[in-house]
Amino acid sequence: MSRRVLVVEDEPSIAETIWYALRTEGFDVSDAATGGDALSKLASESFDCLILDVGLPDMSGFDVCRTLRQSSSVPILFLTARDSEIDRIVGLELGADDYVAKPFSPRELAARVRAILRRTNATPKASPPTPNTAPPSTLDHDPLRKVIRCAGQSLDLSRNEYHLLLALMKNPGRVLTRDQLMDLAWQDPGTASDRTVDAHIKSVRSKIRALTPDFDPIETRRGLGYALRE
Ligand code: CA
């Protein structure tokens with residue numbers, strides 16, 4: 001089955017080069033020349049990867065990415081023309097998977113796309129969104145109500161579970177040791193043990209699973225601690 005890639009690039013000559021390189025490699029390529037066009041295609045069709053130019057006529061690629069990340073984890077490879085843009089892609093945690101600076105070689109771009117698809121295939125979190133079924137599996141925090149939602153539904157967490165999950169959400173991708181989690185989540189850390197943390201993690205996981213069976217955002221790092229998958 002061929003993989004679907006959406007190329008979002010307003011400059012026809014660059015877009016054509018990319019289509020050609022990807023079609024030669026057997027990808028099924030669609031295109032969009034504006035951010036608005038890209039977002040409407042992404043809302044109605046499913047893609048395995050998005051190639052996203054930063055400089056688009058109607059909005060920036062960053063804005064497209066931010067909007068998209070509210071509902072989708074489709075892998076994104078940015079195309080950028082300036083060093084200052086690279087700093088933003090790397091520094092702002094936009095949720096990009098990779099970037100390629102212009103001018104680029106089409107073969108290198110195709111190789112990067114293949115690498116992204118290999119990587120994201122290995123982890124279930126980045127599987128392409130399945131429209132018209134369950135809402136996307138994401139966690140979000142409502143600081144006013146002190147509620148964490150999973151795929152839009154409130155998780156019924158104890159006080160310690162809430163602070164535990166929140167500590168992980170505030171440090172996505174970072175491994176927190178059990179000691180760190182105790183300090184961050186327990187009002188009186190002295191009362192908790194490693195086993196207490198493990199038991200709470202187990203409980204949080206089962207509450208998340210009860211809402212979204214295939215979503216397991218908490219990663220166990222053996223001998224180290226826990227991390228929230230990015
Ligand atoms: Ca452009």
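The following exercises, each with a worked solution, concern a predicted model of a protein chain with a calcium ion.

**Exercise 1. The chain as a whole**

Task: State how many helices and strands the protein chain has, and what share of its residues is buried.

Solution.
Step 1. The secondary structure consists of 8 helices and 10 strands.
Step 2. The chain has 230 residues, and 40% of them are buried.
Step 3. The extent of the chain may be added: its C-alpha trace spans about 65 × 35 × 35 Å along the principal axes.
Step 4. Among contacts with a separation of 6 or more, 55% are between residues 24 or more positions apart.

**Exercise 2. The calcium ion**

Task: Identify the protein donors of the calcium ion and determine where Asp 10 and Asp 53 lie in the chain.

Solution.
Step 1. The protein donors are Asp 10 and Asp 53, each through OD, and Gly 55 through O; they lie 2.2 to 2.4 Å from the ion.
Step 2. Along the chain these donors follow the spacing D-x42-D-x1-G.
Step 3. Asp 10 is in the loop between β1 (4-8) and α1 (12-24), whereas Asp 53 belongs to strand β3 (residues 49-53). The two are 43 residues apart, and the pair thus links distant parts of the chain.
Step 4. Asp 53 has a relative accessible area of 3%, which is under 20%, and therefore counts as buried. Asp 10 has a relative accessible area of 31%, which falls between 20% and 50%, so Asp 10 is partly exposed.

**Exercise 3. Helices α2 and α3**

Task: Describe how helix α2 and helix α3 are arranged, and name the residues that make their contact.

Solution.
Step 1. Two packed helices are described by the angle between their axes and the distance between the axes.
Step 2. For α2 (residues 35-44) and α3 (residues 61-69), the axes come within 10 Å and cross at roughly 20°. Because this angle is under 35 degrees, α2 is roughly parallel to α3.
Step 3. The crossing is right-handed.
Step 4. On the side of α2 the contact is made by Gly 35, Leu 39 and Leu 42; on the side of α3, by Val 64, Thr 67 and Leu 68.
Step 5. Sorted by class, this contact of α2 with α3 has 4 nonpolar residues, 2 polar residues and no charged residues.
Step 6. Helix α3 also holds Phe 62. Phe 62 has a relative accessibility of 4% and so counts as buried.

**Exercise 4. Helix α6 and its surroundings**

Task: Explain why helix α6 is described as largely enclosed, and characterise its packing with α7.

Solution.
Step 1. Of the 11 residues of α6 (residues 159-169), 9 are buried, so the helix is largely enclosed by the rest of the structure. Among the buried residues are Asn 160, Glu 161 and Tyr 162.
Step 2. The elements against which the buried residues pack include strands β6 (139-142) and β7 (147-150), as well as helices α7 (178-185) and α8 (194-211).
Step 3. The axes of α6 and α7 are 8 Å apart, and the helices pack at an angle of about 120°. This angle lies outside the ranges for roughly parallel, roughly perpendicular and roughly antiparallel, so α6 is oblique to α7.
Step 4. The crossing of α6 and α7 is right-handed.
Step 5. From α6, Arg 159, Asn 160, His 163, Leu 164, Ala 167 and Leu 168 take part in the contact; from α7, Leu 181, Leu 184 and Ala 185 do so.
Step 6. By class, the contact of α6 with α7 has 6 nonpolar, 2 polar and 1 charged residues.

Conventions. Residues numbered from 1 in each chain as written. Predicted model: local features only at pLDDT ≥ 70, side-chain atom pairs only at ≥ 80, totals over all residues. Heavy atoms only, no water. Donors = N, O, S within 2.8 Å, 3.2 Å for Na, K, Ca; no water. Helix = DSSP H or I, 4+ residues; strand = E, 2+ residues; numbered from the N terminus. Buried < 20%, exposed > 50% of the residue type's maximum accessible area, 1.4 Å probe, protein only. Axes fitted to C-alpha atoms, helices over the stretch in contact; angles between N-to-C directions. Parallel < 35°, antiparallel > 145°, perpendicular 65-115°, else oblique. Left-handed = near helix turned anticlockwise from the far one by under 90°. Contact = heavy atoms within 4.5 Å. Nonpolar A, V, L, I, M, F, W, Y, C, P; charged D, E, K, R; others polar.
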